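User: Please walk me through this model, and tell me how you know each thing you say.

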Amino acid sequence: MTRKEMGSYAKAPLRRHGGKGAPGGRWTFVQMTIRVVSYHPPAYHVAMHGRMDREKGPGKGGRGVTRRRLLIGGGAAAGLVLGWAVWPRRYAPNLAVGPGEQVFNAFLKISTDGRVVVAVPQAEMGQGVYTSMPQILADELGADWRTVGVEPAPINPVYANSFLFEEQARERLPAWLHGPGEWAAREVAIRMNFTVTGGSSSIRGFETRLREAGAAARSLLCMAAAERWGIDWKACDTEAGFVVRGGDRLKFGELAQVAVRFVPPDPLPLRNRDERTLVGRPVPRLDLPSKVDGTAQMGADIRLPGMVYASIAHGPYGGARPAKMATAAADETPGVMAVVTNPGWVAVVGTNWWAADHGLQALAVEFETSAPRPSDATVRKALAAALDGGGAKRFVDRGDPDALLGRQGVVAASYSVPMIAHAPLETLTATARFGDAGLEVWVPTQAAPMARAAVAKAVGLDEDRVTIYPTLVGGGFGRKTEVDAAVEAAIIASKVKKPVQLVWPRREDIQHSRFRPPALARLKASLGPAASIAAWSATIASPSTNGETMARLTRAEAKDSHGPDRGSIEGAVPPYAIGALAVAHAEAVTGVPTGAWRSVANSYTAFFTESFVDELALVAGLDPLSFRMQGLSRQPRLARCLQMAASIGAWQGGEPGTGQGLAVHSCFGSHVAMLVEARIEGDQVKVPNVTAVVDIGRVVHPDIVRQQVEGGILWGLANAFGNGISIVDGVVTAQNFDGLGLPDLSTTPEIRVEIIPSELAPGGAGEIAVPPVAPAVANAIFAASGKRLRHLPLRLTDA
């Protein structure tokens, strides 16, 4: 595809600031061409740790330092490949370069007109990474925020989200193995090209790399200025887009071309906290103007010459394949062009999407299945069988809980949660086009390298012949780590020999969501002296979602069982001081695919744990606040959150008809306490007020953090009150939002959010508020009515 074509059909909605002192002298809203081009196969398709050069194309060697390699960042002597521990020298930046742009490193380009362009390797799903991540780099660089722009980073192992692997290594290995374990995890992530947006890891995983990228570029700019002034570069600094020394000032744009010839110092000079002027401030969001004025391009906004449209229908769960259809009826629909069948699904192609979808409905496809079709009853049976079957694996085992829980005075309870759909506003979509150079795919994705690999495998191409253009994501929540739509669009395009835009109908997006897994838990505990928790055990039955997800993403051979999974009990270890503890997972094979959902297993483990803690407080004869506070003696950050939430929310426990409930939780490196007020009106529960106090460590953008917490609370209310997924004969009954029982504006409570100031390492903000909502509501319902609800969704009629 030519540059002109890319400019016409693949634009990313990005904001370049212009204002007083900035290029243009005013606010400007500019769209930048998406240049996320998968120029190279992953490292494991060439030599392990082999250098990735663009000059002669994939698989072709190149020697010497050409002008183009300098621009792209190929020459180590040019100082463009920075030798950080997390930045292997063997991978060169492969950023696309526009007129006047100079590549400083894989995260940064500076133009001769002073524009600063930050490449962001994480998907923008509304969570603000297109602002907060450039904010970190620009702060360290000393840039003028009005001149900062953003573009999606290309596929390259330098952008691997190794943090997720390193975090797992730290959790699973003894302290003396943390160093080598993290190194090994980092290497695995890089070799897998594991560039994934998830796990509230964007700031946690990339803060240091972005700071170092900014510091390196600042050093190079200072070196270029110092050469012109004939002074030591260390006497220079940067501010508001200038290199400064006393009264002397030089613009970044004047120095960029020369600066890239220098070599960054080692170690890199990072700014002290009091020298950083952007981080911690609510700077204007870079992605907001285009989203407000409608110029932002989501996946379904792509338009290509000669493009046709497709709608799709998938068969029931149980190994479905199309068996019968009324093709004549579909042909009678105006605009229908073709019917494409594939194992598991049927698509109709039309001149517009309305024609394709109406033709699909007229097709009246009947599917047959090779395995039993699941239903609500079979899912419940699978969970119960797993819990009672003796195959649970303990992932946490401390002290001797079995002995203590074998005595009298044990408190026991069972809890359950249903499957839940993701239901983002944007259904799955992808646009695919075959050409002489291979296949191009435009797709809103949280995992671009995995989408590329899956598409290549599905259509029989080498990965270096597949180009992925990630668009803005209209809601991901884990669903768009999956590659369904990209693969299906590519297959359809290969069949009809035209560019195809596939948009899943809403009914398909809900019925074939990779649901939050159902779970059934059995908890036991005994109290010790002074109302302490002496012993605790939790056994949770649920599908092994992590194994399922990775199998799908890697297109591995399907199998029914993946074995017990540590990820399925994430968040199930209580934060309280407990002498004897056991937490186990029992795999349940339900026949319904599950996947990552906002806050993953924490969305149900917090409900189990914090509801049960309230029950223990009642047995101990203490109010829920006092019982929790005495148990959080080793968790000062969480205890402070709880204390502040109780104070701000005016904790007093509630009274008949109106109750208050508490819940605390820690996950993704962050801590939260929540106080919820619930009012009983007949057989309905109203939630008028929610107070949340969060400690997420260093805050980059306070407004974005607040937005994420508020959104997480609404998501948590959907978890508490929304309808679970119901399945009849392998088919999900809900077909639209009205079948999900989601909260609406009229039921939205007053939300108060307090962010605790901190200079500790940053935690995640996007998911931390989801887990404690449901237990806090359940605890408030008990305080108001005396009814203990142990199953989601919360219904007074179920008590």
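Analyst: First, the naming: helices (H or I, at least four residues) and strands (E, at least two) are DSSP runs, counted from the N terminus. The model is predicted, so local features need pLDDT of at least 70 and side-chain atom pairs count only at pLDDT 80 or more, while totals for chains, interfaces and linings use all residues. Residues are numbered from 1 along each chain as its sequence is written, and side-chain values use heavy atoms, without hydrogens or water.

User: How many helices and strands are in the protein?

Analyst: The protein has 21 helices and 30 strands. Of its 799 residues, 60% are buried, meaning under 20% relative accessible area (exposed is over 50%, partly exposed in between; 1.4 Å probe, protein chains only). Of the contacts (heavy atoms within 4.5 Å) with a separation of 6 or more, 75% are between residues 24 or more positions apart.

User: What makes K497 count as exposed?

Analyst: K497 has a relative accessibility of 69%, and exposed starts over 50%, so the label fits. K497 sits in the loop between helix 14 and strand 20 (500-503). This residue also has a positive phi of about 60 degrees, though it isn't a glycine.

User: And why is A364 called partly exposed?

Analyst: A364 comes in at 46%, which lies between 20% and 50%, so it counts as partly exposed. A364 is another residue with a positive phi, about 50 degrees, without being a glycine. You'll find A364 in the loop between helix 10 (353-363) and strand 14 (366-369).

User: Which peptide bond involving P267 is cis?

Analyst: That's the bond joining D266 and P267, with omega at about 10 degrees. P267 is in the loop between helix 7 (252-259) and helix 8 (288-293). L792 and P793 are also joined by a cis bond, with omega at about -5 degrees, and P793 lies in the segment after helix 21 (773-785). Most residues other than glycine have a negative phi, and most peptide bonds are trans.

User: What makes V188, M192 and M550 a patch?

Analyst: A nonpolar patch takes side chains of Val, Leu, Ile, Met, Phe, Trp or Tyr joined within 5 Å, each residue with over 30% relative accessible area and no salt bridge (like charges would be joined within 9 Å). A salt bridge is a Lys or Arg side-chain nitrogen within 4 Å of an Asp or Glu carboxyl oxygen. M550 has 32%, so it clears the 30% mark. Together V188, M192 and M550 have about 210 Å² of accessible area (Shrake-Rupley, 1.4 Å probe; for residues, only the protein chains shown count as cover). M550 belongs to helix 16 (residues 545-553).

User: What lines the second largest pocket?

Analyst: The second largest pocket has a volume of about 1500 Å³. Of its 46 lining residues, G319, R514, R552, A558 and P593 are closest to the centre. Helix 14 (484-496) and helix 16 each supply at least two lining residues, with helix 14 giving the most, 4.

User: How do you tell a pocket from a cavity?

Analyst: On a 1 Å grid over the protein atoms alone, a cavity is a set of points where a 1.4 Å probe fits but can't get out; a pocket is an open set with protein on both sides within 12 Å along at least five of seven lines, and lining residues have an atom within 4 Å of a point. Points join across faces, edges and corners, and volume is the space filled by probe spheres set on them. This structure holds 5 cavities of 30 Å³ or more. The largest cavity has about 230 Å³ of space, and of the 24 residues lining it, P121, A123, A153, A448 and P470 are closest to its centre.
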